[in-house]
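Here are some exercises to work through with the model open beside you. Try each task before you read its solution.

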Amino acid sequence: MFRKKGPLILCGTFLLITWNAILLFLLWGRPTPAQQDKAVQDQVDVAVKPSPDVMGDVLDMADSIAAELEMQKKILLQIKSHKSLWKPSNKSKPKAVVPTQPVIPILVIACNRVTVRRCLDKLLEYRPSEELHPIVVSQDCGHAETAEVIRSYGKQVTHLQQPDLSDVAVKPQHKKFQGYYKISRHYHWALNQVFRTLSHSSVVIVEDDLEVAPDFFEYFRASLPLLKSDPSLWCVSAWNDNGRDAYVDPGQAQLLYRTDFFPGLGWMLLKELWEELEPKWPASFWDDWMREPEQRRNRACIRPEISRTLTFGRQGVSLGQFYDKYLRYIKLNTEFVPFTKLDLSYLKEDAYRTAFEREVYGAPVVTYEEITQGQLKGAGPFRLEYSHRDSFKLLAKNLGIMDDFKSGVPRTGYRGIVSFISRGRRIFLAPPAGWTQYDTTWS
């Protein structure tokens, strides 16, 4: 009803003011009776003062104008008192929905695998919120069948296509590594899209051959504040390189670690880190480049006891390296852990280092034979020491964990310590007490 009356009131106000302005103009310009008499009189008394009658007319006109203005004032005040009836109300306007929680997009790096459907299906199944976790699929390779699969999800995902599909100029001896060069170029382009074009402040990267766990999103939401607040951290990963079924504790799904080894395979970074890395992003082998001391700068990642991602892509540029021996046996977590309700402050650098080293170096030292021959007494944990590169590789290989180093850091290692389960007991494969730094020649 007020919307209908509003225009009428405005129109009436305008007409009233206009009419009074015209009236005022006419009154002001109208000749007075004294002036009319003066026109017909002889031009005598031109220089004499106006008669008392003329002064009276002027005063009468002034009174009329004053009365008119007073009436206008009253009308305008009355209109003003009804302003709320004709002023558009903001209450009727829909309010923009601004998320009160941080938005963490998921960037899916895709190429020519139509099995990207398995990855996307699980992401969409477990995603708690479309607004808080938009899914961006960045596709390289120009593979039509894969593009069709991605497009079939409609508005559930954002489909980006890397525009540069040309071969990368490489040295003749690197032609066999062309795929690694293209992957690095794609990562560079896709991360710029997320952080610069789409203006996100964080992102979780997964590749098109990864399946995620039910608490995948919960895990990253809970760890984001820690990543933002602790400068000694530079990523959060969903992956445990030694996370095969017999090498993790199934009763410790909530257990998280710090690691000096960059795990990848489902990992989160902040925009600030990308701004640091982007100007020097490598032409190839980006993941091993991330593991170099110049990039890592003594920072750690968070990783879980039980992986929150599982790779199902045996075929790729690595031609199945490690897949048949390790990756296909990685245990994917199935228990939902409410990480956002847990206190993760134990992962902060000072508190974690002190507690972890106390646990490791307070554990009894055992031999390889005692472990493999079932001679351990007690529930553990136990410490198995190595003194140099070769002893680590021999023990790791015989115990069934990954034995390689990247820039001197063993997989899952934290201050040289690798934690895993062997024959149902916790083992810390550790250097002697007093460890200070990694040796980059151990690679």
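**Exercise 1. A cross-strand partner**

Which residue in E9 does Arg258 stand opposite?

Solution. Before starting, note that this is a predicted model, where local features need pLDDT of at least 70, side-chain atom pairs count only at pLDDT 80 or more, and totals for chains, interfaces and linings use all residues. Residues are numbered from 1 along each chain as its sequence is written, and side-chain values use heavy atoms, with hydrogens and water left out.

Step 1: find the strands. Helices (H or I, at least four residues) and strands (E, at least two) are DSSP runs, numbered from the N terminus. E7 covers 256-259, and E9 covers residues 300-304.

Step 2: check the pairing. Two strands count as paired if DSSP finds at least two bridges between them. E7 and E9 have 4 bridges and run antiparallel.

Step 3: read across. Facing Arg258 is Ile302 in E9.

**Exercise 2. The sheet and its edges**

Work out the strand order of the sheet, and say which strands stand at its edges.

Solution. Step 1: walk across the sheet. Its 8 strands come in the order E3-E2-E1-E4-E8-E6-E9-E7, with mixed pairing, and the sheet is open.

Step 2: look at the ends. E3 (158-161) and E7 (256-259) each have a single partner strand, so each has one side without a neighbour in the sheet.

Step 3: add the twist. Ignoring direction, neighbouring strands here are turned by 25 degrees against each other on average. For angles like this, axes are lines fitted to C-alpha atoms (for helices, over the stretch in contact), and angles between N-to-C directions run from 0 to 180 degrees.

Step 4: put helices on the sheet, taking contact as heavy atoms within 4.5 Å. H6 (residues 144-151) touches E1, E2 and E3, and its direction makes about 155 degrees with that of E3. H8 (residues 216-229) lies across several strands, among them E4, E6 and E8, and runs at about 175 degrees to E6.

**Exercise 3. Is the helix length right?**

Compare the span that the 20 residues of H7 should have with the distance between its end C-alpha atoms.

Solution. Step 1: get the expected value. The rule is 1.5 Å times one less than the number of residues. For H7 (residues 178-197) that comes to 28 Å.

Step 2: compare. The end C-alpha atoms of H7 are 27 Å apart, which agrees.

Step 3: look past the end. Just after H7, Ser199 takes a positive phi of about 60 degrees.

**Exercise 4. Two disulfides**

Find the disulfides, then describe the handedness and exposure of each.

Solution. Step 1: search. With a disulfide taken as a pair of cysteine sulfur atoms within 2.5 Å, the whole structure gives 2. Numbered in sequence order, the bonded cysteines pair 1-2, 3-4.

Step 2: take Cys111 and Cys141. Their sulfur atoms are 1.6 Å apart, and the torsion of -85 degrees about the S-S bond makes the link left-handed. Cys111 sits in the loop between E1 and H5 and Cys141 in the loop between E2 and H6, 30 residues apart.

Step 3: classify their exposure. Buried means under 20% relative accessible area, exposed over 50%, and partly exposed in between (1.4 Å probe, protein chains only). Cys111, at 23%, is partly exposed, and Cys141, at 36%, is partly exposed too.

Step 4: take Cys235 and Cys301. Here the sulfur atoms are 2.1 Å apart, and the S-S torsion is about 120 degrees, so this disulfide is right-handed. The link joins E6, which holds Cys235, to E9, which holds Cys301, 66 residues apart. Both cysteines, Cys235 and Cys301, are buried.

**Exercise 5. Backbone oddities**

Where do Leu265 and Arg415 lie, and is each buried, exposed or partly exposed?

Solution. Step 1: Leu265. This residue is not a glycine, yet its phi is positive, about 50 degrees. Leu265 belongs to the loop between E7 and E8 and is partly exposed at 27% relative accessible area.

Step 2: Arg415. Again a non-glycine has a positive phi of about 50 degrees. Arg415 lies in the loop between E13 and E14 and is buried, at 15%.

Step 3: one cis bond to add. Gly380 and Pro381 are joined by a cis peptide bond with omega of about 10 degrees, and Pro381 lies in the loop between H13 and E11.
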